[in-house]
Amino acid sequence: MILGGKVIKVEVLDDKNVRILEVDKNFVLPKSMSDEDSIVMIKGRNLPELDYNKIVSVVTTTKGNDRIKYTGAVTMSIDSQLNIRILRNNDSQVLQERRRYFKVKVDELGRILYYIRGENTERLDVPARIKVLDINVGGVFITCEHMEFEKLDVICLEVELAGEDLMSEAKILRVQHGEDGNIIGYGCAFQGLTAAQEDLIGRFIMKIQSRLRQKEEEIEELRRL
């Protein structure tokens, strides 16, 4: 199967589908997993050392949240590098269908630098503070206590995601009101994201998912004790 989309995470599983390793950087993939001598290379420190020819599964995850599982054999394993040869004629398995706009709950502070209403652009001398309550590659849901906006306004928001700044315009598609009629938040769609900005959001989402999965595994492990 040809890899589709930019891969942002690689997992290695044993024959019981227990995760051996998970990385979101320092990996090299072939252009096609079906080519002869297709090798997945992972570099790092203190990597687990596996037996030569050990059969493992390699799971790739793209920024669009496609997860594809391949069968491979270990060809090199030292504490700084792991090489896995993808076996030919094995059936790859799609673990999760594409969900480009996968959403995660967050609680990140940000600000609005300006907004556009109709043909008018209002630049804010003092940026309006916001909270980002969920985010995906398609958009965000935000709250803002200092200003009110209208449906179809375009805002320029800035928020820090895992140490990197994201600044983008977003159109307000939904103004959500509470039972008392007050505005409690805005559903916004990003406008004109670059590939680098999509990658940033994708990496941030995968980190949140990884933390949640780790917590679930820790809870499950405690239950077994």
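1. A few terms to start: a residue is called buried when its relative accessible area is under 20%, exposed when that area is over 50%, and partly exposed in between, with a 1.4 Å probe and protein chains only. By that scale, Lys-105 is exposed, at 66% relative accessible area.

2. Please keep in mind that this is a predicted model, in which local features need pLDDT of at least 70 and side-chain atom pairs count only at pLDDT 80 or more, while totals for chains, interfaces and linings use all residues. Residues are numbered from 1 along each chain as its sequence is written, and side-chain values use heavy atoms, leaving out hydrogens and water.

3. Now to the charged pairs. Side chains of opposite charge can pair when their charged atoms come close. Here a salt bridge is a side-chain nitrogen of Lys or Arg within 4 Å of a carboxyl oxygen of Asp or Glu, and the whole structure holds nine salt bridges.

4. One of them joins Lys-105 to Asp-134, with 3.8 Å between the closest N and O atoms. Lys-105 belongs to strand 9 (residues 104-117) and Asp-134 to strand 10 (residues 120-135), so this pair ties together parts 29 residues apart in sequence. Strands (E, at least two residues) and helices (H or I, at least four) are DSSP runs, numbered from the N terminus. Unlike exposed Lys-105, Asp-134 counts as buried, at 8% relative accessibility.

5. Salt bridges with shared partners also link Lys-9, Glu-11, Arg-19 and Glu-22 into one network. Within it, Glu-11 pairs with Lys-9, the closest N and O atoms lying 3.8 Å apart, and Arg-19 pairs with Glu-11 at 3.6 Å. Glu-11 is buried at 3% relative accessibility, and Lys-9 is buried at 3% too; Arg-19 is partly exposed, at 27%.

6. Have a look at the second largest pocket as well. A pocket is an open set of points on a 1 Å grid over the protein atoms alone, where a 1.4 Å probe fits, with protein on both sides within 12 Å along at least five of seven lines; lining residues have an atom within 4 Å of a point. The space in this pocket is about 170 Å³, a volume being the space filled by probe spheres set on the points, which are joined across faces, edges and corners.

7. Which elements supply at least two residues each of this lining? They are strand 2 (19-23) and helix 1 (195-224), with helix 1 giving the most, five residues. Among the lining residues are Lys-9, Arg-19 and Glu-22, which also belong to the salt-bridge network.
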